[in-house]
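Me: Could you walk me through how the pieces of this model fit together? I'd like to go through it in short questions.

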Amino acid sequence: MKIIIETPNPGEEEEVIIRCQELDDDLLRLINQLKSGKARITGYQGSMLRQLLPKEIYYFESVDNKVFAYCEQEVFEVKEKLYEIEARFQQTDFLRISKSVIVNVSLIESIAPMLGSRLEATMQNSEKVIISRQYVPELKKKLGIAER
Amino acid sequence: MNFIKDILKFFTFITTGMVILFIIILLIHGDDGIYLSTLIEIPCMALVTSVLTVLLYPSEVRSKAAYLVRVLVHYLALCVVMVVCGILFGWIDFNVQGILFMVVSVAAIYGFTFGVAYLTSKNDADALNRALKEKQNSQK
């Protein structure tokens, strides 16, 4: 595939043009990554407000009807509902792994088995999140493992 | 859909566990007390306990203590169902020895199911770790 990078004239908007025969899954994922790469999520920490990049969020968790975004060391409350986040980042590396958690798959360090058909994901910041058995097939699909 | 898939999965595990248990009983005691109807009763019992497992078995519990409490509740519920069905099907006598036998049998099937489920999870984890490694390498 040929990649051409051009510098726009001063004042011109930056744009990405994709010329392809057909839009396959890989290309759609790439387009969504480009879109979500520019997306920001507003995180609240007391009176402080921060625009979070999706790639710096390890996982989202819903606790007592509030949704929190867990970054490497900090935790922010977000105003969006978990299902809204799930829909917004559907074609990206985010994936629901239990009723209350959406994880950034690209920031998972490793996965270990647990009793009761569950799995435990260790994130790159050493935090651990539980993957419910109902969501394992989706995780496999996300990582390109064909279901038996 | 996942609900039905889970029921089928547990149904397979529990039926296999019960069949193994019955084979052991047959080997120890001969065919005394085990009839053709047992072949129908085993899947019936397995279906009831599978539904119970999917409904009661904890999958979203985070703390270990809460998980163990839920497992204990699930085990006790299974024991109640198995003892009642066991008496109804004539598998056991309604006395302490019969009930104790069923409680121990449930523990054995529980252990078998736990073991198989853990091995399945381990295989899943291994496959996922390999895929994660590939993903991480391709992003470098």
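Me: How many residues of chain B are in contact with chain A?
Reply: Happy to help! This is a predicted model, where local features need pLDDT of at least 70 and side-chain atom pairs count only at pLDDT 80 or more, while totals for chains, interfaces and linings use all residues. Residues are numbered from 1 along each chain as its sequence is written, and chains are lettered from A and ligands numbered from 1 in the order in which they are written. With contact taken as C-beta atoms, placed from the backbone, within 7 Å, chain A contributes 24 residues and chain B contributes 20.

Me: Which element gives the largest share of the side of chain B that touches chain A?
Reply: Helices here are DSSP runs (H or I, at least four residues), strands likewise (E, at least two), numbered from the N terminus. The side of chain B that touches chain A has ten nonpolar, five polar and five charged residues; Ala, Val, Leu, Ile, Met, Phe, Trp, Tyr, Cys and Pro count as nonpolar, Asp, Glu, Lys and Arg as charged, and the others, Gly among them, as polar. The largest share, 14 residues, comes from H4(B).

Me: Across which strands of chain A does H4 of chain B lie?
Reply: Helix H4 covers residues 96-139 of chain B and runs at about 165° to S8(A). Angles run from 0 to 180 degrees between N-to-C directions, with axes fitted to C-alpha atoms, for helices over the stretch in contact. The strands that H4(B) lies across are S8 and S9 of chain A.

Me: In what order do the three strands of that open sheet stand?
Reply: Strands pair if DSSP finds at least two bridges between them; S8(A) and S9(A) (residues 119-123) have five, in the antiparallel sense. Within this pair, Ser110(A) stands opposite Thr122(A). The edge strands are S8 (108-113) and S10 (128-131) of chain A, and the order is S8-S9-S10.

Me: Which strands stand at the edges of the seven-strand sheet of chain A?
Reply: This open, antiparallel sheet has the order S2-S1-S5-S4-S3-S7-S6. Each edge strand has a single partner, so one side of each is left without a neighbour in the sheet. They are S2 (48-52) and S6 (94-98) of chain A.

Me: Is H3 of chain B parallel or oblique to H4 of chain B?
Reply: The axes of H3(B) (residues 64-88) and H4(B) come within 9 Å and cross at roughly 130°. Angles under 35 degrees count as roughly parallel, over 145 as roughly antiparallel, 65 to 115 as roughly perpendicular and the rest as oblique. H3(B) is therefore oblique.

Key
Contact = placed C-beta atoms within 7 Å.
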